[in-house]
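Trainee: I have not looked at this one before. Can you walk me through it?
Mentor: Yes, here it is.

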Amino acid sequence: MSDDTATATVEGVEVDTRHWIGGRRVASVDGPASTFEDVSPLDEATIARVARGGAAEAEAAVSAAADAFPGWARTPAAERAEVLHRIADGVEKRLEELARVETRDNGSLIRSHRRGVMPRVAMNFRFFADHLLRLDSGDVHPDFMTRGHRNHVTWDPAGVTAIITPWNAPLMLATWRIAPALAAGNTVVAKPPEWAPLTASLLADIAAEAGLPDGVLNVVQGLGTEAGAPLVADPRVRRICFTGSVPTARSIAASAAPNVTPTSFELGGKSPLVVLDDADLDLAVTLAVEQFDNSGQVCLAAVRILVHSSLHDAFMARFLERAGQIRQGDPRDEATDIGPLIARRHFERVCGFVERAVADGATPLLGGGPNTDLGGLYFRPTVFAGAAPGSEILCEEVFGPVLTVQSFDTDAQAVALANGTDYGLAATLVSGDPEHAQRVSAQLSAGTVWVNCFFVRDLGAPFGGNGRSGIGREGGTWSFDFYSDVKNTCTAPNGWTTPPAWAQG
């Protein structure tokens, strides 16, 4: 860590840890000493001191975004798209730096960041830039006629957008929202996660270098709700996006309600992996092992494995063998499969879930506790059997490397178990019969259903969840529907028609 509290050197990369407001770096109003510690999950060492924002910083950022909005909203679509492509270029040029910093900051695998996560960050900007041009050209929604009158749909910029993002994939999930908001002509105030704040600061540098006008993107760092709460309550904010917990979403919704501010919430899940009686066992086992990715800190993870009773024993033998081969260790090593949990508080939370599951009668067939060989925040891949119906471990999101296994005898039982939580973000289904898979998938309550695959994402597809998994859908045109004020202009032929009889004097 640098001696200068305004910067930190992380994995050889210098990061400015102050806020980015109105196109310049600023310390907190309480002075440079007003900071918080950024602790790496790899060894629980402090790797940076980050500016600690609050109401004053949130107000300044919203003011900067509001001032910049008219100019950015008037910028032609082609020019906005060009800037977003330049931001993507900047991400790609600094991909290795971003990967190293994020791995140190949040403990995710360096190999995942290099091969998938950081390339997806660049793709977020490219995709929504290109989709903007398709909307602007009329390709996506051509004009249509009603009794000789022409209807023309436009996606008009909505205003200042507040984006509050999580720590499990901080830059990718931030840009999943920032990119379409900017493409739509909105200005943005981003509040990064306090447990992994650094790559958002690097993104501000990249955006500035790409020529994004001052105030169009602002980054306010902070602890907990100190900056986030005043941000979402500001009446000048016209869109709010949040990824995180249900309790926090409830607070944000309460703040948004007086201003009638539209919200988009992605709130996690408790997804099932359903293995039907005609499933390919090798495929089912491979997909089940994938659910330990990022130490289970993935909202889409299918952590409840549901296996037809005729396949149960054979599946479990293969699954436990494969899961027992997972390599846990330093995520900076390309050979590592999973790393640590994000923070001491979260580690203790996961430990609590596992301890209570054992006390409730569930049996750990694999793992069941911290990895004492590695120490620190490393938690062993864990598989539970015998959990009681309705028990906490089957119903609540653990967000750790903890899976449960249950069996079923009929499709109806499988569907009942799969839908037996308050969440509905995703589901994975394994079947060797397309018609069988279609019948079952049609009954699953989930925003996304993967059949014989997992984590296949098209940025043009709708993404979101049912129930406690969130509100709304984003992706492709769905994103622009949210970030824009959608307008239909209906024009009479030749400019005017004879008014109807009821309207004539």
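Trainee: How do strands E20 and E21 run, and how many bridges join them?
Mentor: E20 (residues 426–430) and E21 run parallel, joined by four bridges. Strands pair if DSSP finds at least two bridges between them. Strands (E, at least two residues) and helices (H or I, at least four) are DSSP runs, numbered from the N terminus.

Trainee: Which way does the crossover turn?
Mentor: The chain goes from E20 through helix H14 (residues 434–441) to E21, a right-handed β-α-β crossover. Right-handed means that, with the strands pointing away from the viewer, the path from the first strand over the helix to the second runs clockwise.

Trainee: Is this a predicted model, and how are residues numbered?
Mentor: It is predicted: local features need pLDDT of at least 70, side-chain atom pairs count only at pLDDT 80 or more, and totals for chains, interfaces and linings use all residues. Residues are numbered from 1 along each chain as its sequence is written, and side-chain values use heavy atoms, without hydrogens and water.

Trainee: Back to E21. Which side chains are buried?
Mentor: Thr-448 and Trp-450 are buried on one face, while Val-449 and Val-451 point to the other and are not. Buried means under 20% relative accessible area (1.4 Å probe, protein chains only). Ala-426 stands opposite Thr-448.

Trainee: What does Ile-305 touch?
Mentor: Its contacts (heavy atoms within 4.5 Å) include Leu-273, Phe-315 and Phe-319, not counting residues up to four places away in sequence.

Trainee: And how many helices and strands are there?
Mentor: The protein chain has 15 helices and 24 strands.

Methods. Buried < 20%, exposed > 50% of the residue type's maximum accessible area, 1.4 Å probe, protein only.
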